[in-house]
Amino acid sequence: MRRWSAEAMKSDQPQVRPAEPPAVPPGSGKVLGERLRQLRKRRHMTLAALAEGCGLSIGYLSQIERDLAEPSINALFSIAHHLGVTVQWFFSGDDHAVPAEEHSYVIRRPNRLRVAFEQGIVDELLTPQMSLALEMIQSHMPPGSEVGQAYAHEGDEVGLVISGRLELWVGERYFLLEEGDSFSHSSREPHRYRNPGPGDTVVVWAITPPTY
């Protein structure tokens, strides 16, 4: 997996960001692969070209597109970057009715958009609007799950450990965070994290601008 440096991200920032993902019929199950395939074709990019640009194997990328494998956070971040969107574009959820007065202001828990990664990590989008200058995400991490390869992107981020424990690496710095601890750092610094166990970890992140 390619490590993204701050310099690389600055020089090759995504320029195209669709306002909304393509509609997927309710009850269709996993949708990340279909959205990825639609977006790749819209960009007139072959599977081989995208795999090469992301530093992934064609077979692995093909499995993700067919929903036979869940991507790592690093892999989806790299895929999104090369397709000119953010990871936020791949979030999806069930089709629940939203009262008109709450649209773009409130997200009820059943209406959260989410994306599942390998190792059982699940991110839920808490931001009511995708066009804001800030995004908030809640991560659920089973014991032992991790982002093993550091990555970097534009912006700044803060986090709060809601429950469990979190190991956090920012550059060469290492922190062991407990429930109730919070942190902040520049997103331009390579960072990674891990749930050392023994239980699940829940973390809320706020990132500005929404480059994740």
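A residue counts as buried under 20% relative accessible area, as exposed over 50%, and as partly exposed in between. By this scale Ala48 is partly exposed, because its relative accessible area is 36%. The model described here is a predicted one, and Ala48 sits in its helix H3, which spans residues 47–54. A helpful landmark is the spacing between Ala48 and Ile58: these residues are 10 places apart along the chain, and their C-alpha atoms are separated by 5.9 Å.

Some overall figures set the scene. The protein has 5 helices and 10 strands. Of its 212 residues, 45% are buried. Among contacts between residues at least 6 apart in sequence, 67% join residues at least 24 apart.

Turning to the helices, a good place to start is the pair formed by H2 and H4. Two packed helices are described by the angle between their axes and by the distance between those axes. For helix H2 (residues 32–42) and helix H4 (residues 58–65), the axes come within 7 Å and cross at roughly 115 degrees. On the H2 side, the contact is made by Leu32, Gly33, Glu34, Leu36, Arg37 and Arg40, while H4 supplies Leu61, Ile64 and Glu65. Sorted by class, the residues of this contact are 4 nonpolar, 1 polar and 4 charged.

Glu65 deserves a closer look. This residue belongs to helix H4 and has a relative accessible area of 5%, so Glu65 is buried, the cut-off being under 20%. Leaving aside residues up to four places away in sequence, Glu65 touches Gly33, Glu34, Leu36, Arg37, Arg40 and Leu47.

The strands can be followed sheet by sheet. One open sheet contains 6 strands in the order E1-E2-E3-E10-E5-E8, with antiparallel pairing. Its edges are strand E1 (113–116) and strand E8 (182–186), each of which pairs on one side only. On average, neighbouring strands of this sheet are turned by 20 degrees against each other, with direction ignored.

At the E1 end of this sheet, E1 and strand E2 (residues 122–125) run antiparallel and are joined by 4 bridges. Within this pairing, Val115 has Asp123 of E2 as its bridge partner, and Ala116 is partnered by Val122. The hairpin of E1 and E2 has 5 residues between the strands, and Gln119 in this hairpin takes a positive phi near 70 degrees. Strand E2 also pairs with E3, again in the antiparallel sense and over 4 bridges. Here Asp123 stands opposite Ser139 of E3. Asp123 thus appears in both pairings, as the partner of Val115 and across from Ser139.

Another open sheet has 4 strands, ordered E4-E9-E6-E7 and paired antiparallel. Strand E4 (146–151) and strand E7 (173–177) are its edge strands, each pairing on one side only. The twist from one strand to the next averages 15 degrees. E4 and E9 run antiparallel and are joined by 3 bridges; in this pairing, the bridge partner of Tyr151 is His191 of E9. Helix H5 (residues 73–83) packs on this sheet, where it touches E4 and E9, and the direction of H5 makes about 40 degrees with that of E4.

Finally, the search for enclosed space. Across the whole structure, 1 cavity of 30 Å³ or more is found, and the largest cavity holds about 70 Å³ of space. Its lining consists of Asp123, Ile137, Ser139, Tyr151, His153, Glu157, His191, Tyr193, Trp205, Ile207 and Tyr212. Strand E3 (135–141), strand E9 (191–194) and strand E10 (201–208) are the elements that give two or more residues to this lining. By class, the lining divides into 6 nonpolar, 3 polar and 2 charged residues.

Several residues already met in the strand pairings return in this lining. Asp123 and Ser139 are both lining residues, and they stand opposite each other in the pairing of E2 with E3. Tyr151 and His191 also line the cavity, and this pair forms the bridge partners named for E4 and E9. The cavity lining therefore draws on strands of both sheets, with E3 and E10 belonging to the 6-strand sheet and E9 to the 4-strand sheet.

Terms used:
Residues numbered from 1 in each chain as written. Predicted model: local features only at pLDDT ≥ 70, side-chain atom pairs only at ≥ 80, totals over all residues. Heavy atoms only, no water. 1 Å grid on protein atoms, 1.4 Å probe; cavity = no way out; pocket = protein on both sides within 12 Å on 5 of 7 lines; lining within 4 Å. Points joined across faces, edges and corners; volume = space filled by probe spheres on them. Nonpolar A, V, L, I, M, F, W, Y, C, P; charged D, E, K, R; others polar. Pairing = 2+ DSSP bridges. Axes fitted to C-alpha atoms, helices over the stretch in contact; angles between N-to-C directions. Contact = heavy atoms within 4.5 Å. Buried < 20%, exposed > 50% of the residue type's maximum accessible area, 1.4 Å probe, protein only.
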